[in-house]
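Let's take a friendly walk through a protein model, from a pair of rings to the core and the elements around it. Keep the structure open as you read.

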Amino acid sequence: MKLAFIGGGAMGEAMLSCVLASKLASPADVVVSDVSQPILEQLKEKYGVRFTVDNLAAGREVDVIVLAIKPQHLASVMAELKGTMTASQLALSIVAGATLSTLTQGLGHQAVIRTMPNTPGQIGQGMTFWIATEAVSARQKEQARSLLSVLGKEIYADKEDYLNIATALSGSGPAYVFLMMEALIEGAVYLGMPWAAAKEAAIQTVAGSALLAQASGKSLADLRNQVTSPGGTTAAGLMKLEEGSVRADLARAVIAAYERARA
């Protein structure tokens, strides 16, 4: 598979790194375009890929053009590329908030896939939702699935609005989890545990809990009840969380992020 990455930032590099590690493409089959010469030279040295500052040159003779730019740069990049893509080429966007309508009109091209990855994709443990236009062929969907799978799990969305929900849940979700871990650490440090030990314990507790939830097949409520003995320490802690409306606050955070994504 021949790929062009328009943008060499964090998520673009994450996908590039995972693609090369999984042997989906060789460095010779990948070209990266970016406005920053230092970024391009760093990617060249690190991965051996080809690079250019010319977006049009990057998009020639590749199967998939990955739009990995910041939202504020999307309009100008699409203006450059508009009408230049061939019928056999696929445009795959990881630009937050860019709708299929915006992408197809801006590129003057119908074979477009919109995705919503998240930052754990940087280590191959991400969650990506995606949707395709009707012009995307079965072969191109398989190409997209292969690309997105290297970032972690992927789910095809039946409705485009699901990507706005995904933005609020899995896209913003890591920030909620990191905030929760910070709070766990602060509580332990307040009680006298050294910061380094509290950090290691909090990270492993969250990671282990997530893996257990994946592996057990049990509901989250059942898993929580397994930890909670009547009148015990966990019950006391959960009571405080419920008094503070943590459950409702997290749900409201997802709803607020969704409304912002739509806006």
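Y156 is partly exposed in this predicted model, because its relative accessible area is 30%, which falls between the 20% limit for buried and the 50% limit for exposed. Its ring partner W130, by contrast, is buried, with a relative accessible area of 0%. Together they form the one aromatic pair that the structure holds. Their ring centres lie 4.8 Å apart and their planes meet at 85°, so the pair is edge-to-face. The two residues sit in distant parts of the chain: W130 belongs to strand β7 and Y156 to strand β8 (residues 152-156), 26 residues apart.

Now turn to the interior. How many residues does the largest nonpolar core have? The number is 31, and M15, L16, V30 and L92 have the most contacts inside this core. Several elements give two or more residues to the core, among them β1 (3-6), β2 (30-33), β5 (90-93) and β7 (126-132). The largest share, six residues, comes from α1. A second, separate core has 27 residues, including V31, A91, M116 and M127.

M15 is a good residue to click on. Leaving aside residues up to four places away in sequence, M15 touches F5, V66, L92, I94, L148 and L151.

M15 is one of the buried residues of α1. Nine of the twelve residues in this helix are buried, so α1 is largely enclosed by the rest of the structure. These buried residues pack against β1, β2, α2, β4, β5 and α6. Just after the helix, K23 takes a positive phi of about 65°.

What does helix α6 look like when seen down its axis? The buried residues of α6 are Q140, Q143, A144, L147 and L148. They fall within an arc of 125°, so they line one face of the helix. On the other side, A138 and R139 are exposed. A general rule helps here: an α-helix has 3.6 residues a turn, so residues three or four places apart point the same way.

One residue on that buried face, Q143, deserves a closer look. Q143 counts as buried because its relative accessibility is 9%, and the limit for buried is under 20%. Its contacts include M1, D63 and V64, not counting residues up to four places away in sequence.

Here are the two helices side by side.

| Helix | Residues | End-to-end C-alpha distance | Expected span |
|---|---|---|---|
| α1 | twelve residues | 16 Å | 16 Å |
| α6 | twelve residues | 16 Å | 16 Å |

For α6, the distance between the end C-alpha atoms agrees with the expected span at 1.5 Å a residue. For α1, the reach from first to last C-alpha is close to the expected value.

V64, which Q143 touches, leads us to strand β4. Is each face of β4 covered or open? Both faces are covered: V64 and V66 on one side, and I65 and L67 on the other, are all buried. Strand β4 also pairs with other strands. It runs parallel to β1, joined by four bridges, and L67 in β4 is the bridge partner of I6. With β5, strand β4 also pairs in the parallel sense, again over four bridges. There, V64 has L90 of β5 as its bridge partner.

Definitions and conventions
Residues numbered from 1 in each chain as written. Predicted model: local features only at pLDDT ≥ 70, side-chain atom pairs only at ≥ 80, totals over all residues. Heavy atoms only, no water. Core = buried A, V, L, I, M, F, W, Y, C linked by side-chain atoms within 4.5 Å. Buried < 20%, exposed > 50% of the residue type's maximum accessible area, 1.4 Å probe, protein only. Contact = heavy atoms within 4.5 Å. Phe/Tyr/Trp six-rings, centres within 6.5 Å; stacked < 30°, edge-to-face > 60°. Expected span 1.5 Å × (residues − 1). Arc of directions from axis to C-beta. Pairing = 2+ DSSP bridges.
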